Amino acid sequence: MDLEPLNIENEVMEFAIASGEEDNGLDLEHNDEYEGYNGEMVDNSSSAARDSLVLNGDPNLEPSERMEFDSEQAARIFYNSYARRIGFSTRVSVYQRSRRDGSIICRQIVCSREGFRREGGENRSKRQRTVTRVGCKAQMTVKKQNSGKWAVTKLVKEHNHELVPPDKVHCLRSHRHVSGPARSLIDTLQAAGMGPSGVMSVLIKESGGINNVGFTKVDCQNYMSSSRQRTLGSGGQHIFDYLKRMQEDDPGFFCAVQGDSENPTGNIFWADANSRMNYQFFGDTVTFDTAYRTNRYRVPFAPFTGWNHHGQPVLFGCALLLNESESSFVWLFQTWLAAMSGHHPISITTDQDRIIRAAVAQVFPGTRHRFCKWNVLREAQEKLFHVNQSHLTFESEFQRCINLTETIDEFESCWESLLQKYNLMDNEWLQSMYNVRQQWVPVYLRDTFFGEMSITQGSDRINSFFDGYINASTSIQVLIKQYEKATASRYEKEVKADYDTINTAPVLKTPSPMEKQAANLYTRIIFTQFQEELVETLANPATIIDDGGSEALYRVAKFGEDHKAHFIKFNVFERKASCSCQMFEFSGIICRHILAVFRVTNVLTLPSHYILKRWTRNSKSGVIVDEHTLGLPGSSQESLTARYENLRWEAIKYVEEGAASAHIYNVAMDSLHEAAKKVYAAKEQVSGITPSTLVKECQLQSDSVELDKKIEELTADLENASQRCEAYRATLLSVLKDMEEAKLRITVKVHNTRLNLKG
């Protein structure tokens, strides 16, 4: 594996992609000129669309005006699912871009038979083409609201043509999809020399019939053709130009190409210094999103992402998947891991592709691997299409079984009864998914950190860092342009969230010192989540059911819902609790049930072991990066990116204070000018620093690190001792209280005895 910096001079890599730039100069843009394979499809597998497969759990929900969606792609998926049920195909038409950042803010999704084909000129082909557009008016228009939601602003349901019956709907373009497992099988068979006809024969046999394949022979031929052409063309030069430029501009930039750099036929990976730094702070859970590798996208793009301290998507690196063999994925994961200093994540989320599963098991043996539940449910729609058609209630019951069961026993019982009710005991696909249920059913994943606010949130919605920037019409020529727009936009949103956290005090809802403590510790969005749990303790009383000395067992249930009780084990001396809901283990935010126990045991502030630094406003403080491993330039302070982050935080606070009044503003500006002069003078002096000076500074830094480590150890010991003292104090107070009560009872008895004697 060659991880040396790339020497990109005249490398050429082309992709099976139509050329053309995105025109951002117009407010309205048209997608409906694409009559080919990609153009008439509404994408069903975009990472941006994984907000919700079926709204409110109802698979038969009808579209209506003012209906809201979490994203544009979620609206497209919903309308396409509705179209499949009704019997027509969809495609995207005009859309509107924001003049501020170029992202899409309005989209029209139409029936594929909308409009009429334009008359061709003299140079157009004279071949007679089938008339597919008949002026159908059916459409749904969605627009992005200020809240971030997408609302339906226009809806036309009526069609002017016949609809397709259920047994033929799989032939419609927008309902055809070459899935990840099918792609892997096609790649394998194609490498063995098998042609499209032979490949389709194998797929039909494996799927149990042509209706279950999910695409046609033409689709298979198109995919095989594009696969052969992925290493050809001129579009790849844009990528290599970008990589070369970034290596020159960013000393922490990492990139690698699989194979010989003079003949780059394998995968490409890159990560800038900011992505690598972010991983040091937020790399406990990772999502590897391969949605863009589907044949509906023009670029085989696959980002590594996670969640930052505001719960926003954060980038850990990107790849172009030009080879999808197991060895190529192993190379990619090993390369990414090397770029991230070899630190393995706690958990990783991918799709359930067999080859990716094998590669993850090989490279991340100690990491908890989760399948994206959205992918599983999407595949369920394909594999269980006949069941959904015969039994309209099956899909909603199936999703309730997956999402709403709270214990493993409850899930197992619900699953078995569901199979028996619909006579699916012998269904091979359901059996195969049941065999790997520990990797996608939420109830089995609660004991592992995935950084999501609820048990069922994130596996429904894969981390959509590039939502609104990369879609089915994005070509390789504009990929980097859109990539840079997306990273700049995400950075801007993080800065805004940092600013709001620092300069806007949240509204407290209780007199609890724990709430005040959390408000000063957490970022705004995380505090809101914690506050919700704290307020809910008022409706969730805790009752002790077993006092076993150092460890007690409590029962917590909401008023009127005793059948949904949770049980908490609480260690009095260590102030540690474990709840049956496992919310803290899964999301890193303490649950209402443990907080209810803290209420009755007089734990007034959050113990330090319940405060995850990754959710705090100081999550990026401290030097935790090995600069030599990352390849970043060392100094007596921190790395370039770390120094940048520290200055940015100070600047945010400085701006807030400096703008308070005209006088303070003038003082602030004068100070900035003086500071600029000092910075310039310091830059002039840097060139005079000798190597011996740097050695001394590095030695001082090393001594400082050792001292900081010792201080951290002593601080931890002191915190542990303080916790034990607090526990002993609470126990002593309880004993003294019991003694006072006993003394009072004896006094009353003595007094009563005296009265009796006098009588």
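**Exercise 1.** What area does the protein expose, and what share of it do carbon and sulfur atoms supply?

*Solution.* In this predicted model, the exposed area of the protein comes to about 37400 Å², and carbon and sulfur atoms supply 53% of it. Turning from the surface to the interior, buried residues make up 48% of the 759 residues. The secondary structure comprises 22 helices and 17 strands, and among the contacts with a separation of 6 or more, 66% join residues that are 24 or more positions apart.

**Exercise 2.** Determine whether R370 is buried or exposed, and identify a polar partner of its side chain.

*Solution.* Begin by placing the residue: R370 belongs to strand β13, which spans residues 368-371. Next, take its relative accessible area, which is 1%; since the cut-off for buried is under 20%, R370 is therefore classed as buried. Finally, examine the side chain, where R370 makes a polar contact with the side chain of T349 at 3.0 Å.

**Exercise 3.** Describe the sheet that contains β14, β15, β16 and β17, and locate the helix that lies across these strands.

*Solution.* First, establish the order: the four strands form an open sheet, β14-β15-β16-β17, with antiparallel pairing. Its edges are β14 (542-548) and β17 (576-579), each of which pairs on one side only, and the twist from one strand to the next averages 25°. Second, consider one pairing in detail: β16 (residues 566-571) and β17 are joined in the antiparallel sense over four bridges, and F570 has A577 in β17 as its bridge partner. Third, add the helix: α18 (residues 592-600) lies across β14, β15 (551-556), β16 and β17, and runs at about 50° to β16.

Notes
Residues numbered from 1 in each chain as written. Predicted model: local features only at pLDDT ≥ 70, side-chain atom pairs only at ≥ 80, totals over all residues. Heavy atoms only, no water. Helix = DSSP H or I, 4+ residues; strand = E, 2+ residues; numbered from the N terminus. Buried < 20%, exposed > 50% of the residue type's maximum accessible area, 1.4 Å probe, protein only. Contact = heavy atoms within 4.5 Å. Areas by Shrake-Rupley, 256 points an atom, 1.4 Å probe, with all protein chains shown as cover. Polar contact = N/O pair within 3.5 Å; in protein donor to acceptor, adjacent residues only side chain to side chain. Pairing = 2+ DSSP bridges. Axes fitted to C-alpha atoms, helices over the stretch in contact; angles between N-to-C directions.
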